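Welcome! Please take a moment with the sequence and the 3D view, and then use the notes that follow as a short guided tour.

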Amino acid sequence: MFLRILRKDLKRKRTTNLILLLFIILASMFLASSVDNLIAVNGAIDHFMEISKVPDYLAIALTDGKTDEIADFLHEQQWISEYEVITGFNLINEDVTITECQTDSGKKAYERTNTLFIETIPTDFMKVYTQEGESLTLKPGEIAFPKVEADNNNLQVGDKVSIRVGEEEKEFRIAVIVKDAVFGSSMMGFKRLFITEEDFAEYEGQEDVIRTGIYNVNYIDKEKFQSEWKEQDFKVISAINGPETIRMCYIMDMLIAAILIVVSVCLILLAFLVLRFTIVFTLQEDYKEIGIMKAIGLRDAGIKGLYLVKYLALSVAGAAIGLVCSVPFGKAILNKAIVNIVVEQAEQNYAVNIVCAAAIVGIVLLFCYASADKLKKISALEAVRSGSDGERYRAKSRLKLRKRARMRPYFYLALNDILSSIRRFGVLLVTFCLGMILILLPLSAANTLKSDGIISEFSISPSDVYLDTGRGETYTVDMDSLFRDMEDIERTLSKHGMKAVTGADMGYMIPCYSDDPDDSVSYYILQEVGNWDRQYSVLAGREPELANEVMITELTADELEVGIGDTVYFKMADRTQEMIITGTYQSMINMGQGYRVSRSAKMDPDYAGGIMCVQVEIEGMESEEACERLKEIFPNYRIMDAKGALDNMIGGIIEQIDTLMYFIVAIVLVINSLITVLLMKTMMTKERGDIALLKSIGFGNGPLKGWQTFRLLMILAASVVTGTLLSNVLAPYLIGPIFAMMGATSIQLVTGTAEAYVFYPLLLFVVTGFTAMLCAGGVKNVDLKEVNDIE
Amino acid sequence: MNTLTVKDLCKTYIINKRQNNVLKNINIVIEQGEMVAVMGPSGSGKSTLLYTVSGMDHLTAGRVDFFGKDINALNPSQMSSLRLNEMGFIFQQMYMLKNLSIYDNIILPAYQSKNGKGKEKRKQINDRAKELMHKLGISEIAEHDINEVSGGQLQRACICRSLINHPKMIFADEPTGALNQQNSKEVMKELNRINAEGTTIMLVTHDMKVAAKSDRVLYIEDGSIKGEYVFGKYKGQEENREREKKLSAWLMEMGF
């Protein structure tokens with residue numbers, strides 16, 4: 001009888017077993033690959049930091065190439081073990097020309113993604129590697145590009161570019177696409193090109209060009225060094241506090257692996273729900289056989305063993321297939337996740353995959369063991385009578401048909417079934433609900449980042465066009481050139497019949513403190529410049545208006561333990577400026593740290609760090625049209641709308657979230673469909689007698705399909721509504737912290753969009769509903785004579 | 001017009017590549033208001049005959065006319081409509097939907113029927129359900145679950161369900177087969193009463209006492225009708241003994 005039940009189960013519940021197997025495969029594949037990847041990425045970042053030799057502290061400053069006070073200071077420093085100064089030339093868009101491109105896009109004008117330097121191959125600190133993880137070597141006439149710059153300009157190995165520094169212009173062949181540990185991540189605002197020392201020497205003689213010094217330092221005593229460094233009050237455009245800060249910039253590279261873990265945890269949960277559902281259903285279906293086995297004296301343990309053997313076989317098979325699949329799947333994901341990281345060339349760590357797959361088998365069996373515990377509770381008589389001992393008088397929760405004067409009977413049957421088996425259908429509700437939440441949470445994040453108002457959360461006022469002239473650093477040494485460029489833009493647009501005003505935010509890196517001057521830390525300070533008075537969003541208080549007023553981000557206020565009305569101090573070369581805090585705001589620039597001063601504040605131009613873009617507001621023109629026109633008028637400038645500007649600032653996060661969301665939508669649709677097939681098939685197997693009975697009393701296939709389909713659609717509708725409500729409630733707790741990490745501490749998440757309320761619910765509804773309808777077609781295969789199968 | 005006309009009906013099953021002729025050239029005519037019992041040994045094809053002539057199973061050859069309509073020519077939807085509005089079915093096991101109360105099980109086919117839409121019509125259905133349950137003596141179990149009532153009560157509820165749409169004919173497969181003697185008597189009393197009110201009935205039974213209460217008995221053996229015994233209308237229980245005796249003698253002749 002043991003074998004007969006097992007054989008019957010495997011044969012009759014082929015689809016159910018197959019779907020369960022599929023869930024176990026998916027769960028083990030996702031878990032094994034994502035855990036392995038997370039460990040690999042985490043380890044890879046450490047490894048990459050180590051082989052690249054990331055310094056404890058690094059500062060970037062502009063120099064004239066003649067005197068270098070920072071280098072002199074470092075040379076005399078006793079609290080550092082070693083240091084290195086790398087000198088590079090700053091490049092603006094016009095300095096780079098694409099002379100030969102294999103993709104033949106016809107594009108000659110170069111568009112840099114970030115601040116761009118050209119320098120020699122680093123040998124001590126901040127080393128770079130090829131895509132294969134090998135040290136970079138170049139021949140004269142060759143150049144190495146970071147991936148993000150090459151991709152942005154459709155460049156690949158073999159293409160040629162011409163680089164001009166001052167009066168000297170040289171052509172290079174792109175020989176290598178490199179991985180740069182310090183500046184490679186999408187969140188880093190600097191990118192480097194590399195050439196040989198011989199080639200670099202030819203640029204060295206140039207006068208009046210902006211040079212960048214990158215100062216790498218390893219400490220002996222961090223505290224003492226930093227204290228002396230602060231005293232010097234060097235003008236730096238960026239300072240990075242070692243590997244920890246750089247590691248933070250790789251957060252997006254780890255995000256995919258982390259989200260895959262979340263998806264796999266959801267899949268495991270779903271696998272358990274499916275497992276519980278199938279075990280309970282199998283037990284109910286086999287009540288008679290179980291009853292007979294009990295009646296003839298078989299012990300519960302023996303019967304339970306029968307089911308455990310089946311699920312052991314299923315879970316071992318599923319986990320083994322999942323384990324095999326997890327290797328190529330994990331590699332594919334890893335390759336996508338670590339485009340910027342050099343992974344250690346070690347053997348694949350199969351142990352992690354094996355442990356994950358074994359964990360799945362163990363958990364499935366434990367769960368099965370617990371679910372099969374129900375066997376203990378049923379007597380032989382109860383089992384033979386299909387779960388009924390004939391002595392129960394407990395009325396089931398149900399609707400009264402006669403009180404539903406307008407309800408169609410098939411609709412009534414569907415609703416009554418749900419109300420009569422709340423627990424069974426509750427499992428389905430939770431499953432569908434999870435799917436909805438999995439879609440809506442990243443959607444909410446993406447929509448928030450795409451929303452019109454989000455740009456103001458970055459402490460940038462909205463405008464029609466965001467224009468990158470590619471000369472950001474030139475403005476730091478010659479601020480008048482910025483005003484000339486803005487006037488030129490206004491004049492040119494006026495010639496084209498457009499009335500435009502321009503504005504920009506100049507960023508300064510200035511040491512600030514609240515109490516003790518020794519505790520001063522360099523912060524990013526924004527000041528509005530140009531002809532256009534703009535409004536900035538504030539969280540509390542008001543915008544600064546006077547020269548000694550300042551607005552502070554909430555994160556910085558928390559860090560310095562100051563609030564509105566308090567005083568902070570800006571340490572500039574010739575003076576210390578006392579500033580009164582008038583308001584707080586949030587910003588996702590510089591991880592949410594910084595200040596904004598009024599137009600009238602007197603800032604030392606020596607501390608200027610550049611602008612992100614020139615903002616243009618055109619009278620009587622929508623942003624989209626304005627961008628199109630400006631692209632024609634200024635072919636050498638990078639023209640962006642608010643979304644483009646934002647995406648540029650935060651390193652393509654929106655696109656990554658979008659890709660991730662489409663992936664999750666596909667997974668959820670597949671899972672929903674699988675669960676629908678599973679549920680409908682299982683229920684229909686159990687209800688064949690009922691279907692035959694209804695057919696015999698005159699129900700046609702249409703109403704019967706309606707009964708089977710509506711039952712699922714009602715659950716689906718309830719799940720979609722519950723899922724949407726829950727994701728609205730959960731979003732601030734789950735998505736909010738991610739934004740807070742980037743600096744947006746009080747962001748208003750965008751949840752109630754047409755996509756969230758209409759498109760995705762409808763998509764789930766249509767796909768799952770269509771699957772349900774297809775499955776419900778099975779009622780026509782039920783023979784009327786099967787009425788005799790009713791137990 | 002005849003209620004049911006069966007002409008040269010054949011039914012063949014293929015089992016393990018072997019042809020099994022279950023019904024062979026069956027010819028039956030059942031007139032309106034008749035109550036016809038089908039008897040025969042186990043495996044003779046009684047139930048298959050009932051399911052085939054009622055459209056619950058497909059015939060292999062021949063023709064079955066229900067009120068002049070060839071049921072084999074009807075599409076599945078028309079056949080469902082016929083079963084819903086013009087036929088009633090009673091099975092040996094008292095099949096009902098477990099999630100519904102006795103009362104809801106009874107009114108379900110009526111709510112699904114062409115006369116089941118609209119508040120007024122549904123009120124009429126409820127009145128009819130109450131009347132039927134009252135007549136069959138099961139008013140008190142209306143709100144019970146199906147596992148809370150006796151077999152006899154459940155079978156009477158099944159009869160109520162089969163009558164709810166005013167069927168022109170009832171097909172009953174061993175309607176008393178799962179009942180004790182007392183319940184069996186009560187169920188037959190109801191069927192006779194329904195028949196007396198004009199509903200045509202065709203029933204399959206093993207029980208001589210049940211068959212003796214019908215107007216006519218068909219004896220089937222090896223898939224063919226071997227004989228027919230005509231009683232005429234059943235007038236009351238005082239006739240029982242004599243009818244049973246006659247039927248017994250005839251069945252012995254048939255080799256039952």
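A good place to begin is strand β7 (residues 160-165) of chain A, which is joined to β8(A) by six bridges, the two running antiparallel. Please keep in mind that this is a predicted model. From here, the tour follows the partners of β8(A) and then turns to the contact between chains A and B.

**The β7 and β8 hairpin of chain A**
- To find this pairing in the view, look for Arg164(A), whose bridge partner in β8(A) is Glu169(A).
- Two residues lie between the strands in the hairpin of β7(A) and β8(A), and Gly166(A) has a positive phi there, near 65°.

**Other partners of β8 in chain A**
- Strand β6 (residues 142-146) of chain A runs parallel to β8(A), and five bridges join them.
- Within β8(A), Ile177(A) is the bridge partner of Phe145(A).
- Strand β5 (residues 128-130) of chain A pairs with strand β8 (residues 168-180) of chain A in the antiparallel sense, over three bridges.
- Opposite Thr130(A) you will find Val178(A) in β8(A).

**Where chains A and B touch**
- Chain A gives 27 residues to the contact, and chain B gives 31 residues.
- On the side of chain B that touches chain A, at least two residues come from each of α2 (76-85), α3 (102-112) and α4 (119-135) of chain B.
- The residues on that side of chain B comprise 14 nonpolar, nine polar and eight charged ones.

Key: Residues numbered from 1 in each chain as written. Chains lettered and ligands numbered in written order. Predicted model: local features only at pLDDT ≥ 70, side-chain atom pairs only at ≥ 80, totals over all residues. Contact = placed C-beta atoms within 7 Å. Helix = DSSP H or I, 4+ residues; strand = E, 2+ residues; numbered from the N terminus. Nonpolar A, V, L, I, M, F, W, Y, C, P; charged D, E, K, R; others polar. Pairing = 2+ DSSP bridges.
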